[in-house]
Amino acid sequence: MTDSADLPVRVRPEIAALPSYKQGKQAGGDAFKLSSNENPFDSLPGVVEAVQGAAALNRYPDASAARLRERLAARYDVTPDDVHIGAGSVSILHQLALAVGGPGTEMIYAWRSFEAYPGLAAVSGTTAVEIPLGEGARHDLAAIAAAVTDRTRMIIVCSPNNPTGPIVTQEEFDDLLARVPADVLVVLDEAYAEFVTDAAAVDGRRVLAQRGLGNVVVLRTFSKAYGLAGLRVGYAIGHRRILDAARATAIPLAVTAQAEQAALASLDAEPELLDRVRAISARRDRLVAGLREAGWDVPDAQGNFVWLATRAETLDAAAAFEEAGLIVRPFAGDGIRISVGEHESVDKVLRVAASVVRTLPEGHAGRGLA
Ligand SMILES: *Cc1c(COP(=O)(O)O)cnc(C)c1O
């Protein structure tokens with residue numbers, strides 16, 4: 001929070017009140033950085049070469065990222081106009097919020113969910129309507145549908161939910177769409193879709209194939225499963241007129257030629273990359289099983305991270321992990337998110353977590369029945 005008395009210029013008060021962005025801590029020495037849901041594998045040599053071979057640095061990139069759009073359009077069986085590329089899918093979320101929101105309108109999302117969502121509301125001047133997660137730290141879609149008013153312009157569904165882990169099922173998502181007016185934008189944020197192993201999960205590709213392009217926009221990213229977080233490239237699939245509105249609010253030329261080239265090379269190398277994704281999902285399942293055995297009540301984890309409901313003990317627990325060389329992501333008063341990292345980090349997380357759980361008081365929300 002910034003005190004407006006310190007501000008050398010007049011800043012919108014709701015912006016001045018926002019906390020400045022806090023990144024996951026950088027790991028020093030031999031600590032494992034498990035705070036930003038990054039892919040722990042090194043980039044594939046072919047992808048690195050593709051980036052180096054991309055356009056000269058003195059030239060602007062292709063503003064529309066036409067080659068990547070064409071490639072993704074073929075995959076989703078849509079036209080390139082129904083694909084939009086952004087410098088990370090977070091930037092597309094901002095564009096959509098600016099395009100449909102604004103003073104006097106509302107956006108609905110589950111909470112706790114992705115930390116970027118409240119900022120979308122604030123920056124676009126939209127009122128945030130946060131619907132508490134239900135049983136099992138899952139989206140409560142009935143409550144989300146019930147919160148729709150004539151001011152609602154945008155609903156964000158995050159599956160799997162960052163930071164708690166559970167998916168939304170296809171059935172739940174279809175029910176939501178049946179209850180939401182057709183002129184309300186529903187964004188399905190599937191940043192972790194590739195890690196999902198539960199067949200009941202909603203799948204944006206299936207939603208679009210079955211319903212056609214209407215009020216649903218599917219967001220995916222190359223940051224997590226494809227390991228390109230550092231290059232910033234994500235995409236939206238949806239109705240071209242909705243994406244035109246997003247394009248109209250976008251900062252031009254934000255997607256670099258290097259990012260586009262890396263995304264194309266990653267699609268070429270997909271079988272190899274998806275093998276890694278499967279390894280991470282298996283590692284995640286091992287982590288969840290071990291944590292539950294140690295006495296944690298861990299929600300279903302379908303992304304590349306796990307959630308510990310440490311509540312009032314969050315900062316103490318995070319400090320214990322950090323002292324042991326594990327950088328985790330604490331959400332004060334609520335819980336800790338731990339990314340599925342290097343193979344060697346798993347046993348270490350389990351060891352430290354087994355001692356941390358014993359520091360929680362009897363009957364604590366983070367403790368399971370074990
Ligand atoms: C990581 C993440 C994104 C996308 O991040 P970008 O790096 O901007 O593509 C989007 N939504 C959620 C829920 C995420 O966790």
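Helices and strands here are DSSP runs, numbered from the N terminus; a helix needs at least four residues and a strand at least two. With that numbering, L34 sits in the loop between strand 1 (32-33) and helix 2 (45-52). The model is a predicted one. L34 is buried, because its relative accessible area is 0%, under the 20% cut-off. The chain brings a remote partner to this loop residue: V349 is 315 residues away in sequence, yet the C-alpha atoms of L34 and V349 are 9.8 Å apart.

Turn next to the empty space. Rolling a probe the size of a water molecule over the atoms shows where such space is left. The largest pocket holds about 1,400 Å³. Its lining counts 45 residues. Those that lie nearest the centre of the pocket are Y21, K22, E115, A116 and R329. Four elements give two or more residues to this lining: helix 4 (89-100), helix 5 (116-124), helix 12 (314-323) and strand 11 (329-331). Helix 5 provides the largest share, with five residues.

What is the chemical make-up of the lining of the largest pocket, counted as nonpolar, polar and charged residues? The lining has 20 nonpolar residues, 14 polar ones and eleven charged ones. Two domains take part. Domain 1 (4-42 + 271-357) and domain 2 (45-268) each supply at least three residues to the lining of the largest pocket.

The closed space comes next. One cavity of 30 Å³ or more turns up in a search of the whole structure. The volume of the largest cavity is about 70 Å³. Where does the largest cavity lie with respect to domain 1 and domain 2? It lies between them, because both domains give residues to its lining. The lining consists of N39, F41, D42, S43, L44, V47, Y226, G227, L228, L273 and R276. By class, these residues divide into six nonpolar, three polar and two charged.

Y226 leads on to the aromatic residues. Y226 is one of the residues that line the largest cavity, and Y226 also forms one aromatic cluster with Y76, F222 and Y235. Y76 has a charged neighbour as well. The charged end of R205 sits over the ring of Y76, 5.6 Å from the ring centre.

The structure holds eight aromatic pairs. Take Y109 and Y117. Their ring centres are 5.6 Å apart and their planes stand at 55 degrees, so the pair is tilted. Y109 and Y117 are both buried. W307 and F331 also form a tilted pair, with 6.0 Å centre to centre and 45 degrees between the planes. This pair links distant parts of the chain. W307 belongs to strand 9 (residues 305-308) and F331 to strand 11, and the two are 24 residues apart. Are W307 and F331 buried or exposed? W307 has 4% relative accessibility, so it counts as buried. F331 has 6%, so F331 counts as buried too.

Now for the backbone. Most residues other than glycine have a negative phi, and most peptide bonds are trans. Which peptide bonds are cis in the loop between strand 5 (152-158) and helix 7 (170-179)? One is the bond from S159 to P160, with omega near -5 degrees. Another joins N162 and P163, with omega about 15 degrees. P160 is found in the loop between strand 5 and helix 7, and P163 is found there as well.

Positive phi values come next. A65 has phi near 50 degrees, a positive value in a residue other than glycine. A65 lies in the loop between helix 2 and helix 3 (66-76). Its relative accessibility is 3%, so A65 counts as buried. L253 is not a glycine either, and its phi is about 65 degrees. L253 lies in the loop between helix 9 and helix 10 (257-268). L253 is partly exposed, because its relative accessible area is 34%.

One more loop residue closes the tour. H239 is found between strand 8 (234-237) and helix 9 (240-249). H239 counts as partly exposed, because its relative accessibility is 29%. Its C-alpha is 9.7 Å from that of L208, and the two residues are 31 apart in sequence.

Definitions and conventions:
Residues numbered from 1 in each chain as written. Predicted model: local features only at pLDDT ≥ 70, side-chain atom pairs only at ≥ 80, totals over all residues. Heavy atoms only, no water. 1 Å grid on protein atoms, 1.4 Å probe; cavity = no way out; pocket = protein on both sides within 12 Å on 5 of 7 lines; lining within 4 Å. Points joined across faces, edges and corners; volume = space filled by probe spheres on them. Nonpolar A, V, L, I, M, F, W, Y, C, P; charged D, E, K, R; others polar. Domains from an automatic or database assignment. Phe/Tyr/Trp six-rings, centres within 6.5 Å; stacked < 30°, edge-to-face > 60°. Buried < 20%, exposed > 50% of the residue type's maximum accessible area, 1.4 Å probe, protein only. Lys NZ or Arg CZ within 6 Å of the ring centre and 35° of its normal.
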